[in-house]
Amino acid sequence: MKRQTILTCIFAFIAMHAFAQVPNDTTQAKRRRPTFRFDAHNPDMHDPVMAREGNTYYIFATGMGINVLSSTDLQTWQMERPAWQQAPQWATDSVPGYRGHTWAPDIQRVGDRWLLYYSCSTFGKNQSAIGLATNKTLDPKSPDYHWDDQGVVIRSRRNIDPWNAIDPNLIIDEKGQPWLTFGSFWDGIQLVPLSKDDFKTPVGDVRTIARKWNPEAMKEEGVEANNNEIEAPFIVRHGKYYYLFASTGLCCRGLRSTYRTVVGRSRHIEGPYKARDGKQMLKGGGTLVAGGNEQYAGIGHCAVYHFDDEWYFVAHGYDKSLNGASKLVLKKLQWKDGWPVLAE
């Protein structure tokens, strides 16, 4: 009994001191929490894509229910309500750990409706899925504004599929055939044809079109994520070529991020995509478009658009002056000798 009494006293002493370190003043605890303040001219951002309807630009990005911003001048942005408040049931049922924090969307207008592809996953796992939602308008004030979820487009299964079904991007080729490019780490960037009827159903085999092996990445990501550090594909057509933009390096590490954007081109949407030096992206090639500089630790997960007579590059960068905060990067893009270059 004496021994039990002594042990009880020891545990009580330890517990008392442990709880003494926890502030019991709710007001004081709240003061210590960082407060998010939206910056209309330099918004926080991750994995942005952009669209224009009428004279308003919209950005869709990673966030709970998908973050949405709007602007009429590409200078000042305002937050809109998320695309949805509740995660799709099919996604929470099929992707363990996914609870609505939705990654890396893609927004495209096809016919009279907007197609919003989105990623459901958890960090470092390839048990993931890409879904599709549709809407008649992007204007949240319109009575027609409503996102209708169409369900799963494609999913990857752990220990079965060698690729990761996130980071979708829709591209329609010169013959009107829709394709979905996607992928992150594992076996790299993938491409699959979709049905022309619903822009949702795969109608062919998934094929790998880009890889970037890096033995050092395994040390950072751990055993789950593989070491093929390439993701976030985006394909555009310019002139006679298709251009595949992708991100290499490591994201999401603030000042330690090594994200950079590379590109390759091909006369055929299925590749092979080659860098300016002729090296295939399937074999690790890629011409640098944007990366670490004096302002950003890294720049990546880009999208590229042609509005009126201007080309635009949108991405996120880890701002050195803000301790590596992920911020919107929006620049004009030019074409020189058949290759994309960011305007100064």
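A residue is termed buried when its relative accessible area is under 20%, and exposed when that area is over 50%, with partly exposed in between. In the predicted model described here, cysteine 251 has a relative accessibility of 11% and therefore counts as buried. Cysteine 252, at 39% relative accessibility, counts as partly exposed, because this value falls between the two limits. Two further cysteines were assessed by the same criterion. Cysteine 120 is buried, with a relative accessibility of 0%, and cysteine 302 is likewise buried, at 3%.

The structure holds one disulfide. This link is formed by cysteine 251 and cysteine 252, whose sulfur atoms lie 2.3 Å apart. The assignment follows from the distance criterion, because a pair of cysteine sulfur atoms within 2.5 Å is taken as a disulfide. The torsion about the S-S bond is -70 degrees, and the link of cysteine 251 and cysteine 252 is left-handed. In terms of accessibility, the disulfide thus joins a buried residue, cysteine 251, to a partly exposed one, cysteine 252.

An open sheet was also examined. Four strands make up this sheet, in the order β10-β11-β12-β13, and their pairing is antiparallel. The edges are occupied by β10 (residues 169-172) and β13 (residues 207-210); each has a single partner strand, so one side of each is left without a neighbour in the sheet. From one strand to the next, the twist averages 35 degrees.

At one of these edges, β10 is joined to β11 (residues 178-182) by four bridges, and the two strands run antiparallel. The register of this pairing is illustrated by two residue pairs. Leucine 170 stands opposite leucine 180 of β11, while isoleucine 172 stands opposite proline 178 of β11. The strands β10 and β11 form a hairpin with five residues between them. In this hairpin, glycine 176 adopts a positive phi near 85 degrees.

Confidence in the prediction was considered for the chain as a whole. The mean pLDDT of the chain is 89, and 87% of its residues reach 70 or more. Residues 1-31, by contrast, have a pLDDT below 50. Beyond near neighbours in sequence, the stretch of residues 1-31 has two contacts in the model.

Terms used:
Residues are numbered from 1 along each chain as its sequence is written. This is a predicted model: local features need pLDDT of at least 70, side-chain atom pairs count only at pLDDT 80 or more; totals for chains, interfaces and linings use all residues. Side-chain values use heavy atoms; hydrogens and water are left out. Two strands pair if DSSP finds at least two bridges between them. Axes are lines fitted to C-alpha atoms, for helices over the stretch in contact, and angles run from 0 to 180 degrees between N-to-C directions. Buried means under 20% relative accessible area, exposed over 50%, partly exposed in between (1.4 Å probe, protein chains only). pLDDT is the predictor's confidence in each residue, from 0 to 100. Contact means heavy atoms within 4.5 Å.
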